[in-house]
Amino acid sequence: MVGKEAYPTSSQKEFGEKCAVFGLYNRSDHLEVGRITADGLHALQHRGQEGSGIATSDGSTISIHKRKGLVKQVYDDEDPASFNFDLLPGNMAIGHNRYATSSKKSSDCHLQPVIDTEKKLTLVHNGNLPDTEKVEKFLETYGINTSDLNDSEMMHAAILHFKNIGASLDEAVVKAIPLFKGAFSLLAMDNKQIVVARDERGLRPFSIGALNGGYVFSSETCALDAIGARYIRDINPGEMITANENGLRSFEHSRGEQRLDIFEFIYFARPDSVLLGKSVLVARKNLGGMTARETSHSDADIVINVPDSGTPGAIGYAQESGIPYEEGLIKNRYTGRTFQRPGQDRRVSEVLQKLNPVREVLHNKRVIVVDDSIVRGTTSRELVRMLRNAGARKIHMRITSPPVKFPDYYGIDTPDQRALIGAHKSVSEICEYIGADSLEFLSYDGMISAIGLPESMLSTSCFTGDYPIDIGKRREEIVYQKS
Ligand code: AMP
C-alpha cells in the first residue's frame, strides 16, 4: 500500500486524531519485529479502531501493511495468502492505530504509516497540529501541493524534503520540527534508523522500554507489559531519540515543559497504563472518591458504573460514600467506542447497542450513575432514559470531571465548541437536557488534587481554554469565551 495511498486525495482536510503509535528497534533480526509490533498495537487498540498499519525495515527495504479494521483482523495470519508476518521482515518496525473519525468520508486513504512512493521514509504520528500554516507555506515554497495532505502527511513531506537534499534522518527531523506547531508523538524510520520525537509540551503520552536487547517505543506503558518489555522511562517533552546501530541517543530538539493532556487520565488511556509515574486506574478511582466527597449522595441506594471508562470512578465513589457498588449496565464487549461515530442518530442507537441495563439490579432503586465525562450529552441522556425504563426510581448522575467547555485541537476529535453541551448550558440546564433527577460534576480543583500531579504538568485546555501550544487561527473558532 504505497504510492497514491500515501498521499491520497480528499476534498476535506483532515486532522490527525488521537491514535496509537508503537515502534521497535533491534540490532539484529532475531526478534520478529512485525509480530511484536502487532501485539503492541493490539494492547493499544483503545486508542484507535478504524485501521492499523506497520512498516518494517531490514536495512535495505521498507515493507508495509496497512488496512482498515481492528488489529486482530488487519494482521490475521490464518490465511497466509492474504497476510503473513514474513511480509514484514527486518529488525525495525513502526506501527499505528487510527482513531475513527467523526465527520469525514470513511476511507482507508489516511491510514498510517505514511510512506512515499519510493519508500525512503515512513512515519507514524499521534496528536494533531492545529496550526499547519507554517509547514504548508514551507512545502508550497518547494512546489509540494498540500491541499490533499493531512497534518501527519505534511510532517512526512517536510522531513522527506530535508532527506532528499542530503540530510540524514535525524538531521532532517531536527530541521523539520520548527515547522510543526501542535501535538506530536512521532516515529520516523528509514533503512538506517528510527527517530522518535515528542512535542515540547508532551501533550500525548510516549514511553520507552527494553526488550531482549532491543528498544520499544509506545504511546502507553500497557503495550510494554503486553509484549514483556521493561519500562525504561517516558520520552521527555521536546526530546528526540535516535535508535540505530550505535544504540540509543537522546537530544533536545526544543526546550520542553511537561503538559500532558489531562483527558488521558480522565478517559483516554488504558487504566493499566502509568502516566507521569501515576497509575491511570488509581487516578480514576481517586477522581471518583473526590467526586463523592464533593457531591451529595444521601438519597441513594446503589452506585453504578458506566462501563468501561466510568468503572474505576464508580468504585472510588462507592468506596468513599459507603454506598454499595453494583453493575447496573452491561457492556457488549464487541462494540467499539461510540463517541466518534458520524451523525447523532447513529450515536444514539450505538449507545443502546453498547450498554444494556439490568432490571433486577435497578428496579425501584435510587441510583447514582458515575461516568467520567460529559461531552455532547448524548451518552448521559440515553443512559438516563434507559435506566428509567429499567425501573430506576431516582437517577443521580455524577461526573468525575468538570464540564468540557472548550474544543480540543491536540488530538481528541472534539473540535466544534457548539457541540459541547458544557460550553453553552449551565449544570441545571444540562441536568434538564439529560433528564436526570440530579447532576453534579467534580470541581476543577478537586480533579487536579485527585490526580495528584501539579496543575503545571497538565494541559487542562478543554476545561479552561488555556492552550499550552498556540492554536493559531483556530482560536477564531472559539465562540463561547471563558466565564
Ligand atoms: P457524550 O456522549 O458526547 O457526552 O460523551 C461522553 C461519553 O463519551 C462518556 O461516556 C465518556 O466516557 C466518553 N468520552 C469522553 N471523551 C471521549 C473521547 N474523546 N472519545 C470517545 N469517547 C469519549
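This passage looks at the ligand site and then at the aromatic rings of the structure. The model is a predicted one, and the residue names below follow its numbering from 1 along the chain.

The ligand makes a good place to start. It is surrounded by 16 residues, and the closest of them are Asp371, Asp372, Arg376, Gly377 and Thr379. Sorted by character, the shell around the ligand comes out as 7 nonpolar, 6 polar and 3 charged residues. Two helices stand out as contributors: helix 7, covering 263–268, and helix 12, covering 378–389, each bring at least two residues to this shell.

Some side chains reach the ligand through polar atoms. Thr379, one of the closest residues, places a polar side-chain atom 2.5 Å from an oxygen atom of the ligand. Asp372 does something similar, with a polar side-chain atom lying 2.6 Å from a ligand oxygen. For Tyr267, the partner on the ligand is a nitrogen atom, which sits 2.9 Å from an N or O atom of the tyrosine side chain. As for how much of the ligand is covered, on its own it has 500 Å² of accessible area, and the protein covers 95% of that.

Away from the ligand, the aromatic rings are worth a look. Such pairs are described by how far apart the ring centres are and by the angle between the planes. The structure holds 11 aromatic pairs. One of them joins Phe138 and Tyr142, with 5.1 Å from centre to centre and 55° between the planes, a tilted arrangement. The two partners fall into separate accessibility classes: Phe138 counts as buried because its relative accessible area, 15%, is under the 20% cut-off, whereas Tyr142, at 48%, is partly exposed.

Another pair is made by Phe180 and Phe184. Here the centres are 6.0 Å apart and the planes meet at 85°, so this pair counts as edge-to-face, the label for angles over 60 degrees. Both rings belong to buried residues, with a relative accessibility of 4% for Phe180 and 1% for Phe184.

Aromatic residues also turn up in a group and beside a charge. Tyr75, Phe83 and Phe85 come together in one aromatic cluster. In the case of Tyr433, the partner is an arginine: the charged end of Arg381 sits over the tyrosine ring, 4.2 Å from the ring centre.

Methods. Predicted model: local features only at pLDDT ≥ 70, side-chain atom pairs only at ≥ 80, totals over all residues. Heavy atoms only, no water. Near = heavy atom within 4 Å. Polar contact = N/O pair within 3.5 Å; in protein donor to acceptor, adjacent residues only side chain to side chain. Areas by Shrake-Rupley, 256 points an atom, 1.4 Å probe, with all protein chains shown as cover. Helix = DSSP H or I, 4+ residues; strand = E, 2+ residues; numbered from the N terminus. Nonpolar A, V, L, I, M, F, W, Y, C, P; charged D, E, K, R; others polar. Phe/Tyr/Trp six-rings, centres within 6.5 Å; stacked < 30°, edge-to-face > 60°. Buried < 20%, exposed > 50% of the residue type's maximum accessible area, 1.4 Å probe, protein only. Lys NZ or Arg CZ within 6 Å of the ring centre and 35° of its normal.
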